[in-house]
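Biologist: I would like to go through this model with you. Shall we begin with a pocket?

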Amino acid sequence: MHGRHMKKAPKLLALRGAAALILVLALCISPFATVLATTVSANVIDGDQSYTFNMRSAELSEILRQAEELGMEPLSPLDVAEQVENTTTVVVRRGVRLTVEEAGQPTSLVAYEGDTVEQALLDNSIVLQEGDEVTPSRDTILEGETQVEIRRACQVTVTADGESTSVTRTGGTVADALQEAGVTVGEEDTVNFAQDHPLFDKMHIRVTRMMQVRITADGETREVETSAQTVEDALEKCGVSLDEDDRTEPARTAKVREGMEIQVKRVEVKEETELQPIPFETEYQDTSSLFTGETQVKTPGTAGEKEVVFQVTYVEGEEESREAVSETVKKEPVSEVVLRGTLSREEEAEEEAPSAPEVPSNGGGASAGTFVDMYGNTVSYSSMLSGTCTAYSVPGGTTSLGWDAVYGVVAVNPNIIPYGTKMYITSPDGSVVYGYGVAGDTGGAAMAGEILADLCYNTVEECSQIGRRTMNIYILS
């Protein structure tokens, strides 16, 4: 047994030695493998220079520090370094000052070496149009601090003396555009831009002339100098205020011209209320108790009353128009009922008609009753006469009885209506109301039976209310 164990001993020792060697190799190789696993390759591009190296960190600041150790110039405040996404490649852009002058206004910007002028302007949100002129040229490569001048292709409108002229230029000033448009600016004229102002696209240059105008307003006329463009502006600048309804000649929006005469007409619009009568209607009832052609009032009519609101326009204090805008009925009219005879004169009357005072041949009568006067009062009357009435006026005159010839005095035939008789007079339909009166005068027409009464008014103009018409005369009890 012992001898057999002795033969196996060298093999066991060999195995143990191999295991130890493997362990030693593993311990030596492991740090080396770890170093290889954490090392990255970085590449920094600075213009036409490139720096490539291995490093353990992928941080941008570490990559730039390593490149500077290899000789790259440090970054200035204008420079930028941009790491390409998901890589260790870094691009360095060297910044330069770019001064851009446009329309006379200089602007300081930052651009980058190697870019063209056009690209640098675009990066700074300055877009060049096709017709614009740029110095230096658009494709010039930037190598350091650069000054760029932009002269825009402009379409400018010049307005003067009521006319507009379109001017197309590349660069220039307001004075250049005015000269090209053939517009001369006088000492008293004004321009909405200074004449040395640089032009820009879509610019609208307006020349305002000083003009002599004559303004008439509120009873005063004066001559003024103005640069206003419209009539309304001219009035405002001269201290003449306009209300909404006021009118001007010419119209407010009319263009002001040299020597123009401007008139202001003050307009006032008011609401006015009037009480107006509402005529009553007449209803006819046929009766055989009256001869054909004869009528008799059965129930007197009463005029109604309405409130009418008018919109009245006054121009310079004179009424120009009156328009009804609303009506409100205050009292409804009461229709008058009139009996109309149907009995032929050749037939024998079955009943004797009610007696009534003798009246002229052109009138008719009615027996006692009541009526409602213009004030809404119910009034009793002893009889009613209906016939032709006229009107007269003799201001300052006297009647046949020596009374003053004034409103309310009625000229009659005293044989029919005795002097001193009190009465109430209205048209059959109630549209014309003379009102209360007293018999105090006479005249040839009344005595001749041509009219029933002649109604006195204070003025000739008032007489037109009556003219010549049929009226009902209620003889008061």
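Biologist: Which residues lie nearest the centre of the second largest pocket?

Modeller: Pro277, Ala303, Met374, Gly430 and Val433 do, out of 24 residues that line the second largest pocket. A pocket here is an open set of points, on a 1 Å grid over the protein atoms alone, where a 1.4 Å probe fits, with protein on both sides within 12 Å along at least five of seven lines; lining residues have an atom within 4 Å of a point. This is a predicted model, in which local features need pLDDT of at least 70 and side-chain atom pairs count only at pLDDT 80 or more, while totals for chains, interfaces and linings use all residues. Residues are numbered from 1 along each chain as its sequence is written, and side-chain values use heavy atoms, with hydrogens and water left out.

Biologist: Which strands supply at least two residues of that lining?

Modeller: Strands S17 (267-278), S20 (304-315), S24 (369-372) and S27 (422-426) each do. Strands are DSSP runs of E, at least two residues long, numbered from the N terminus.

Biologist: How does the lining divide into nonpolar, polar and charged?

Modeller: There are 13 nonpolar, eight polar and three charged residues. Asp, Glu, Lys and Arg count as charged, Ala, Val, Leu, Ile, Met, Phe, Trp, Tyr, Cys and Pro as nonpolar, and the others, Gly among them, as polar.

Biologist: Turning to the core, which residues of the largest nonpolar core touch the most other members?

Modeller: Val410, Ile417, Met423, Ile425, Leu455 and Ile473, in a core of 25 residues. Strands that each supply at least two residues of this core include S25 (378-392), S28 (433-441) and S30 (468-476). Such a core is a set of buried Ala, Val, Leu, Ile, Met, Phe, Trp, Tyr and Cys residues joined through side-chain atoms within 4.5 Å.

Biologist: What does Val410 touch?

Modeller: Among its contacts (heavy atoms within 4.5 Å) are Met423, Ile425, Tyr434 and Leu455, not counting residues up to four places away in sequence.

Biologist: Now the backbone: where does the cis peptide bond to Pro136 lie?

Modeller: Pro136 is in the loop between strand S7 (133-135) and strand S8 (146-151). The cis bond joins Thr135 and Pro136, with omega about -5 degrees. The bond from Glu249 to Pro250 is also cis, omega being near -5 degrees.

Biologist: And Asn86, is it buried or exposed?

Modeller: Asn86 is exposed, at 76% relative accessibility; exposed means over 50% relative accessible area, buried under 20%, and partly exposed in between (1.4 Å probe, protein chains only). The phi of Asn86 is positive, near 65 degrees.

Methods
Helix = DSSP H or I, 4+ residues; strand = E, 2+ residues; numbered from the N terminus.
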